[in-house]
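Got the viewer open? Keep your selection box handy, and we'll go stop by stop.

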Amino acid sequence: MSEQSSMSVYLNWARERLHEMDAALASLDVKAAEAEAASKVKAQEIIADLKKRRSDLEALLKTQAEAGEAALAGAKIELDQHWAGFETQMKSFFDTAGKQAEQQQATFKDIAAAQAKAWRESADRFREAATKVTTAGTTDLDAVLTQLKSDAAQAGAHLETLKQTGSQSWSVFSAALSESRKAFDAANQAAWNALRGSGPKD
């Protein structure tokens with residue numbers, strides 16, 4: 001169970017980031033098509049770079065996942081760097097081609113929805129894996145699942161509040177998404193650590 005739970009932490013991290021990337025790209029593609037000619041070329045260049053970064057992250061993840069837990073754990077720094085590069089380019093998009101508040105809010109909403117989807121999927125995978133371990137730790141696992149859902153609801157409520165205000169800058173939206181992302185990572189790690197401790201004892 002130890003290797004499976006560690007792999008699940010990394011895979012959930014990567015799935016969450018890929019969901020966000022897909023949501024951001026879909027949103028930015030729409031606005032780039034509507035941009036004025038002068039900014040359209042720059043927007044398309046940035047989007048092309050974002051798509052490449054997303055593909056690179058997915059390819060790296062696939063290669064490392066196939067190599068096993070140790071390789072994936074070792075690649076976490078590189079995966080983080082790919083993610084950071086994607087975020088930096090997305091900020092560049094807003095700085096050069098998409099300063100409109102409605103575009104930033106639309107992208108924020110799409111990414112927040114992607115985060116919510118990642119939370120739900122992570123909870124579903126945890127629940128499924130938990131049913132495969134012995135019943136000795138069932139109460140503890142139920143408590144962890146309840147906490148995971150509570151953390152997801154709290155992060156979602158915060159993002160929903162920002163969505164409703166609609167007048168924030170991208171830096172505020174980005175900070176809120178980052179905070180939610182950190183909460184996801186911590187909750188994901190805690191859930192799988194609990195599952196690891198509840199597995200059959202040798």
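Start by selecting helix α4 (residues 76-96) together with helix α5 (residues 101-130): in this predicted model, their axes come within 11 Å and cross at roughly 155°. An angle over 145 degrees counts as roughly antiparallel, so that is how α4 runs relative to α5. Now show side chains where the two touch. On the α4 side, pick Met90, Phe93 and Phe94; on the α5 side, pick Gln103, Gln104, Thr107 and Ile111. Colour that contact by class and you get 4 nonpolar and 3 polar residues, with no charged ones.

Stay on α4 for a moment and try the distance tool. Its end C-alpha atoms are 30 Å apart, and its 21 residues should span 30 Å at 1.5 Å a residue, so the two agree. Next, which residues of α4 are buried? Select Leu79, Trp83, Gly85, Phe86, Gln89, Met90, Phe93 and Phe94. While you look down the helix, remember that an α-helix has 3.6 residues a turn, so residues three or four places apart point the same way.

Next stop: alanine 24, which sits in helix α1 (residues 2-34). Buried or exposed? Its relative accessible area is 0%, so alanine 24 is buried. Leave out residues up to four places away in sequence, and alanine 24 touches Phe86, Met90, Thr107 and Ile111. You've just met some of these: Met90 of α4 and Thr107 and Ile111 of α5 also take part in the contact between those two helices. Before moving on, add alanine 114 to the selection. Alanine 24 and alanine 114 are 90 residues apart along the chain, yet their C-alpha atoms are separated by 9.1 Å.

Now jump to serine 180, in helix α7 (residues 170-197). Its relative accessibility is 5%, and buried means under 20%, so serine 180 counts as buried. What does its side chain make a polar contact with? Turn on the side chain of glutamine 115: the pair comes out at 2.6 Å. To fill in the surroundings, select Gln115, Trp119, Ala155 and Leu159, which serine 180 contacts once neighbours within four places in sequence are set aside.

Finally, zoom out and colour by secondary structure. You'll see 7 helices and 0 strands, giving the pattern α-α-α-α-α-α-α along the sequence. Of the 202 residues of the chain, 43% count as buried. If you draw a contact map, take the contacts with a separation of 6 or more: residues 24 or more positions apart account for 80% of them.

Conventions: Residues are numbered from 1 along each chain as its sequence is written. This is a predicted model: local features need pLDDT of at least 70, side-chain atom pairs count only at pLDDT 80 or more; totals for chains, interfaces and linings use all residues. Side-chain values use heavy atoms; hydrogens and water are left out. Helices (H or I, at least four residues) and strands (E, at least two) are DSSP runs, numbered from the N terminus. Buried means under 20% relative accessible area, exposed over 50%, partly exposed in between (1.4 Å probe, protein chains only). A polar contact is a pair of N or O atoms within 3.5 Å; within protein, one must be able to donate a hydrogen and the other to accept it, and residues adjacent in sequence count only if both atoms are side-chain atoms. Contact means heavy atoms within 4.5 Å. Axes are lines fitted to C-alpha atoms, for helices over the stretch in contact, and angles run from 0 to 180 degrees between N-to-C directions. Angles under 35 degrees count as roughly parallel, over 145 as roughly antiparallel, 65 to 115 as roughly perpendicular and the rest as oblique. Ala, Val, Leu, Ile, Met, Phe, Trp, Tyr, Cys and Pro count as nonpolar, Asp, Glu, Lys and Arg as charged, and the others, Gly among them, as polar. The expected span of a helix is 1.5 Å times one less than its number of residues.
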